[in-house]
Structures are given as structure tokens and as C-alpha cells.
Amino acid sequence: MSKRILTLIPVAALLAISSAHADSLIQSLNRVDNSLNKVQNTIHGTQNTIRDGQNKIDNTQRAIGEIKDGTYVEKRVENKVRQQKRRAVNGLINKSSNVIRKATNTY
């Protein structure tokens with residue numbers, strides 16, 4: 001019986017040490033995970049900045065090409081008309097939706 005108790009004491013001590021070690025390990029893993037998240041966010045921000053810069057370059061090159069072709073003003077007017085039509089349609093949809101909601105008391 002005393003032999004059995006003596007063998008259980010080291011096991012209990014080992015479990016206590018392992019538990020503390022596991023907690024420390026979990027904290028370390030959480031710090032690493034947070035660091036990786038920060039790096040990932042930095043990478044995404046850099047990618048977005050590069051993409052935005054490339055879009056500006058592309059837009060500038062397209063505008064230069066349109067100016068050379070003499071179609072720059074025409075295309076800007078087409079885009080503006082398209083935007084105005086889209087806004088007008090969206091405004092009508094919103095107004096009609098509001099009228100329907102008010103008539104049916106559905107909010």
C-alpha cells in the first residue's frame with residue numbers, strides 16, 4: 001500500500017507541473033496567434049494599398065488614351081448619364097417602397 005502511495009505522489013506532482021506548463025504554453029500560443037493576426041492585417045493593408053495604386057495608374061492610363069483618341073469627354077458624359085439614371089431609378093424604388101410600407105404599416 002505504501003508503495004502505491006509513493007508512486008502516486010510523483011504522478012500528482014507531474015500533473016501539477018504539466019498543468020502549469022500547459023497554461024504557459026497556451027498563453028504563448030495566444031501571443032503568437034495575436035502576432036500572426038497583426039501581420040496578416042498588415043499584409044492585407046499593403047495589398048489594398050498596392051491595388052489602389054494600380055487602379056489609379058490604370059485609370060490615368062485609360063484617361064490619357066481617351067484624351068489621345070478624343071473620346072474622353074464623350075465617355076465622361078456617358079458615365080455621368082448612366083449614374084444619373086441609376087440614381088433616379090434607385091430613388092423611385094426607395095420612394096415606392098416607402099409608400100408601400102406606410103400604406104401597409106410594415107416597417
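**View 1. Arg76, a partly exposed residue of helix H2.** In this predicted model, Arg76 has a relative accessible area of 26%. That value lies between the 20% limit for buried and the 50% limit for exposed, so Arg76 counts as partly exposed. Its salt-bridge partner is Glu66. The closest N and O atoms of the two side chains are 2.7 Å apart. Glu66 belongs to helix H1 and Arg76 to helix H2, so this pair ties together parts that are 10 residues apart in sequence.

**View 2. Glu66 and Arg62 within helix H1.** Glu66 also forms a salt bridge with Arg62. Here the closest N and O atoms are 3.6 Å apart. Both residues lie in helix H1. They are 4 residues apart, about one turn of the helix. How do the two partners differ in exposure? Glu66 is buried, because its relative accessible area of 6% is under 20%. Arg62 has 43% relative accessibility and counts as partly exposed.

**View 3. The salt-bridge network.** Arg62, Glu66 and Arg76 are linked in a network of salt bridges. The structure holds 2 salt bridges. Glu66 takes part in the pair with Arg62 and in the pair with Arg76. The Arg62 pair stays inside helix H1, whereas the Arg76 pair joins helix H1 to helix H2.

**View 4. A nonpolar surface patch.** Five side chains are shown: Ile67, Tyr72, Val73, Val77 and Val81. Together they make a nonpolar surface patch of about 440 Å². Which helix gives the most to the nonpolar patch? Helix H2 does, with 4 residues. Ile67 is found in helix H1, which covers residues 2–69. Ile67 has 54% relative accessibility. It counts as exposed because this value is over 50%.

**View 5. Helix H2 from end to end.** Helix H2 covers residues 72–104. Its length can be checked against an expected span. At 1.5 Å a residue, the 33 residues of H2 should span 48 Å. The end C-alpha atoms are 48 Å apart, so the model agrees with the expected span.

**View 6. Asn105, just after helix H2.** Which residue takes a positive phi just after H2? It is Asn105, with a phi of about 55°. Helix H2 itself runs over residues 72–104.

Definitions and conventions. Residues are numbered from 1 along each chain as its sequence is written. This is a predicted model: local features need pLDDT of at least 70, side-chain atom pairs count only at pLDDT 80 or more; totals for chains, interfaces and linings use all residues. Side-chain values use heavy atoms; hydrogens and water are left out. Patches are made of residues with over 30% relative accessible area and no salt bridge: like charges are joined within 9 Å, nonpolar side chains (Val, Leu, Ile, Met, Phe, Trp, Tyr) within 5 Å. Accessible areas come from the Shrake-Rupley method with a 1.4 Å probe; for residues, only the protein chains shown count as cover. A salt bridge is a side-chain nitrogen of Lys or Arg within 4 Å of a carboxyl oxygen of Asp or Glu. Helices (H or I, at least four residues) and strands (E, at least two) are DSSP runs, numbered from the N terminus. Buried means under 20% relative accessible area, exposed over 50%, partly exposed in between (1.4 Å probe, protein chains only). The expected span of a helix is 1.5 Å times one less than its number of residues.
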